[in-house]
Amino acid sequence: MIARSLFTQNFRNLYSGDIAFSDEVNVISGQNGQGKTNLLEALCLFTGVRSFRGAKNFELIAKGEKFARMELQFFADKREQNAKLLITDKKQATLNGVKQAAATGFIGRFCAVVFSPDNMSLVKGGSNERRRFLDAAISQQFPTYPRLLVEYNRILAQRNAFLKKSAGKANFDSMLDIWDENLAQTGARISCKRAEYVARLVGKTQEIFDGISSGRDSIGLRYSCSYLIPESVNDTVEALRKLLETHRASDLAQGCTNSGAHRDDLHISVNGMVARSYASQGQKRSCVLALKLAEASLLEESAGERPIAVLDDVMSELDGLRQDYLLNHMDGWQVFISCCDPHTVKGLDRGRIIEVENGKCMSKD
Ligand SMILES: Nc1ncnc2c1ncn2[C@@H]1O[C@H](COP(=O)(O)OP(=O)(O)OP(=O)(O)O)[C@@H](O)[C@H]1O
Ligand SMILES: [Mg+2]
């Protein structure tokens, strides 16, 4: 899909008006605090999900104003389309002239893969960040998956509450039997689904990572789950059932559940070493970028449309070759990339530079 142009009025510090985009690379350039991320944020609100900054509606409206209004022209599903958003204390969305019940009506119609510095927690943070990444990606492709997660977390919370309450006491086995069976059934299915997704993700991530690093580094991905029996949900259920049984005494003593899908991880390595502990800043950044773009490519395979790539503050810490890849070699992607360094902008071969100064966006081809 392609974003053609964006109109904003009273959106944060942006001047009211229209901005036209290149179908290829759009470099959003300017000094700190000028409105670059604001512009990317406005664009991404048309994906129908919350602001990637987690902003509340009133924060999106220019100070002193009562509403913000935006309009996006875009190409998707083989036709030109139009989406409108009116932000007050709520968001009112219109798609091709049809009022939507909520902004979520845009989901799946206009899609973006967003990289923001917060995403670095995917490599730098704990295993929960990586599980969340996998869960969000899988949920976009398998609508029944979120229900499985909700069910698993509900059973886990009940089991943990029960374990805490009964620490040191004996003979609660019949209650635990029921929870363990449910936990094994749902947990094993979650682990299998994640492992299956990672198996699809590996090749794409390696290919993109290879491009970003010009073949100088290699990335490894491995889904880590102590009870997984590859390609057999039933055997995995059985293995988790056994593990819960084996650990029951220690679970009771500690008042928490020590085995299950909530303990799985996605191991990321660069040149054979754990990325979190050994990779450089630029290598870590490249890992996150490759993972996010690979996720978008997989989504494209199932949805038939390639999302736009929105890369906020990605350039710092990347060397010239990596910057060149993002600026000039992401063939087939429409890219929006913010940067502060005018020197970086000079490396752009083709596309558009949009200079942002004090909220005013000026386009240069
Ligand atoms: N609701 C709002 N009303 C008016 N101004 C706002 C509002 N929200 C944010 N701003 C202003 O927008 C500016 C920040 O814009 P933005 O985050 O897009 O900067 P940036 O160009 O991305 O900078 P950096 O390079 O530091 O990331 C700040 O000056 C801030 O005061
Ligand atoms: Mg910014």
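This is a short walk through one ligand site, one helix, one hairpin and one buried leucine in a predicted model.

I'll start with the ligand. Seventeen is the count to keep in mind: there are 17 residues around ligand 1, and those that come nearest are Gly33, Lys36, Thr37, Asn38 and Arg53. Sorted by class, that shell holds eight polar, six charged and three nonpolar residues. Which element gives the largest share of the shell? That is helix H1, residues 36-44, which supplies three residues.

Now the polar contacts at this site. Thr37 places a polar side-chain atom 2.7 Å from an oxygen atom of ligand 1. Arg12 also uses a polar side-chain atom, and here the partner is a nitrogen atom of the ligand, at 3.2 Å. With Glu59 the backbone is involved: one of its N or O atoms lies 2.9 Å from a nitrogen atom of ligand 1. As for cover, ligand 1 on its own has 650 Å² of accessible area, and the protein covers 70% of that.

Next, helix H11, residues 320-328. At the N-terminal end, Asp319 acts as the cap, with a side-chain oxygen 3.2 Å from the backbone nitrogen of Leu321. Which residues of this helix are buried? They are Arg322, Gln323, Tyr325, Leu326, Leu327 and Asn328. What do those buried residues pack against? Three helices are on the list, H6 (173-212), H10 (281-303) and H12 (342-345), along with strands S3 (25-29), S12 (308-311) and S13 (335-339).

Further along the chain we come to a hairpin. Strand S14, residues 352-357, pairs with strand S15, residues 360-364, in the antiparallel sense, and five bridges join them. One of the bridge pairs is Glu357 with Lys360, the latter in S15. Two residues sit between the strands, and Asn358 in the turn has a positive phi of about 50 degrees.

Last, Leu266. This residue is in strand S10, residues 265-270. Is Leu266 buried or exposed? Its relative accessibility is 1%, and buried means under 20%, so Leu266 counts as buried. What is Leu266 in contact with, once neighbours within four places in sequence are left aside? The partners are Arg130, Leu134, Val198, Leu221, Arg222 and Tyr223. For a sense of distance, take Asn57: its C-alpha atom and that of Leu266 are separated by 34 Å, with the two residues 209 apart along the chain.

That covers the four places I wanted to show.

Notes. Residues are numbered from 1 along each chain as its sequence is written. Chains are lettered from A and ligands numbered from 1 in the order in which they are written. This is a predicted model: local features need pLDDT of at least 70, side-chain atom pairs count only at pLDDT 80 or more; totals for chains, interfaces and linings use all residues. Side-chain values use heavy atoms; hydrogens and water are left out. A residue is near a molecule or strand if one of its heavy atoms lies within 4 Å of it. A polar contact is a pair of N or O atoms within 3.5 Å; within protein, one must be able to donate a hydrogen and the other to accept it, and residues adjacent in sequence count only if both atoms are side-chain atoms. Accessible areas come from the Shrake-Rupley method with a 1.4 Å probe; for residues, only the protein chains shown count as cover. Helices (H or I, at least four residues) and strands (E, at least two) are DSSP runs, numbered from the N terminus. Ala, Val, Leu, Ile, Met, Phe, Trp, Tyr, Cys and Pro count as nonpolar, Asp, Glu, Lys and Arg as charged, and the others, Gly among them, as polar. Buried means under 20% relative accessible area, exposed over 50%, partly exposed in between (1.4 Å probe, protein chains only). Contact means heavy atoms within 4.5 Å. Two strands pair if DSSP finds at least two bridges between them.
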